[in-house]
Amino acid sequence: MSVSTKSLLKPYIGPLNPKAIKDGIAFAQANALRLLGDAKLLLDAKRYPTAMALAILSLEERGKITILKRFALLSAPDEVKLAWKEYRNHRSKNAGWIIPQLA
């Protein structure tokens, strides 16, 4: 009998305190910079597909920062639940990269 991993992992969907938000932003920023640095190394080595994948992951990490900042303003349980859904969604975290290009 196999136990589903999904049944063992219950994602947190509650509010975040200011320290958790601050720490999350710091971790996301550090991870985004690390991934970008790794992408640059791979780009220099002409490893284009993997460089692109890491660059996209770096953008997603940066996208987490905007969502984490919003947690500081949320109070209603439905809003918090929606923010967590966006935090776990790739598309939501990738939306911010094109805004400077459109301005």
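## Close-ups of a six-helix predicted model

**View 1. Lys19 and Asp23 pair up in a salt bridge, with their closest N and O atoms 2.6 Å apart.** Keep in mind for this and every other view that the model is predicted. Both partners belong to helix H2, where they sit 4 residues apart, or about one turn of the helix. In an α-helix there are 3.6 residues to a turn, so residues three or four places apart point the same way. Lys19 counts as exposed because its relative accessible area is 54%, over the 50% mark. Asp23 is partly exposed, at 21% relative accessibility. Asp23 has another partner too: a salt bridge to Lys22, at 3.6 Å from N to O. Lys22 is exposed, with 56% relative accessible area. Put together, Lys19, Lys22 and Asp23 make a salt-bridge network.

**View 2. Farther along the chain, Arg34 and Asp38 form a salt bridge at 3.5 Å, N to O.** Here again the spacing is 4 residues within helix H2, so about one helical turn lies between Asp38 and Arg34. Both ends are partly exposed: Asp38 has 29% relative accessibility, and Arg34 has 45%. If you're keeping a tally, the salt-bridge count comes to 5, and the pairs in these views are among them.

**View 3. Helix H3 covers residues 48–71.** A quick check on its geometry: at 1.5 Å a residue, its 24 residues should span 34 Å, and the end C-alpha atoms turn out to be 35 Å apart, which agrees. Which residues of H3 are buried? The list includes Ala51, Leu54, Ile65, Ile67, Leu68 and Phe71, and Glu60, Glu61 and Lys64 are on it as well. The cover over the buried residues of H3 includes helix H2 (18–44), helix H4 (77–87) and helix H5 (90–94).

**View 4. Glu61, a residue of helix H3, is buried at 11% relative accessibility.** What does Glu61 touch, once residues up to four places away in sequence are set aside? The answer is Ala28, Asn31, Ala32 and Leu35. Take Leu35 as an example: Glu61 and Leu35 are 26 residues apart along the chain, yet their C-alpha atoms are separated by 8.9 Å. Closer to home, the side chain of Glu61 makes a polar contact of 2.8 Å with the side chain of Lys64.

**View 5. Lys64 also lies in helix H3, and its 16% relative accessibility makes it buried.** The cut-off for that label is under 20%, so Lys64 qualifies. Besides neighbours within four places in sequence, Lys64 is in contact with Ala28, Tyr87 and Lys93. Ala28 also shows up on the contact list of Glu61. The polar contact between the side chains of Lys64 and Glu61 belongs in this view too.

**View 6. The protein has 3 aromatic pairs, by count.** One of them brings together Tyr12 and Trp84, with ring centres 5.8 Å apart and planes at 85°, so the pair is edge-to-face. Tyr12 is in the loop between helix H1 (5–8) and H2 while Trp84 is in helix H4, so this pair ties together parts that are 72 residues apart in sequence. Tyr12 is partly exposed, with a relative accessible area of 46%, whereas Trp84 is buried at 8%.

**View 7. Trp84 also pairs edge-to-face with Tyr87, at 5.4 Å centre to centre and 80° between the planes.** Trp84 and Tyr87 share helix H4 and are 3 residues apart, about one turn of the helix. Buried or exposed? Both Trp84 and Tyr87 are buried. Ring pairs gather Tyr12, Phe71, Trp84 and Tyr87 into a cluster. Two members of the cluster have come up before: Phe71 is one of the buried residues of H3, and Tyr87 is in contact with Lys64.

**View 8. Zoomed out, the protein has 6 helices and 0 strands.** From the N terminus on, the order of elements reads α-α-α-α-α-α. Of its 103 residues, 25% count as buried. Among contacts between residues at least 6 apart in sequence, 61% join residues at least 24 apart. The accessible surface comes to about 7900 Å², with 65% of it belonging to carbon and sulfur atoms.

Technical notes: Residues numbered from 1 in each chain as written. Predicted model: local features only at pLDDT ≥ 70, side-chain atom pairs only at ≥ 80, totals over all residues. Heavy atoms only, no water. Expected span 1.5 Å × (residues − 1). Buried < 20%, exposed > 50% of the residue type's maximum accessible area, 1.4 Å probe, protein only. Contact = heavy atoms within 4.5 Å. Polar contact = N/O pair within 3.5 Å; in protein donor to acceptor, adjacent residues only side chain to side chain. Salt bridge = Lys/Arg side-chain N within 4 Å of Asp/Glu carboxyl O. Areas by Shrake-Rupley, 256 points an atom, 1.4 Å probe, with all protein chains shown as cover. Phe/Tyr/Trp six-rings, centres within 6.5 Å; stacked < 30°, edge-to-face > 60°.
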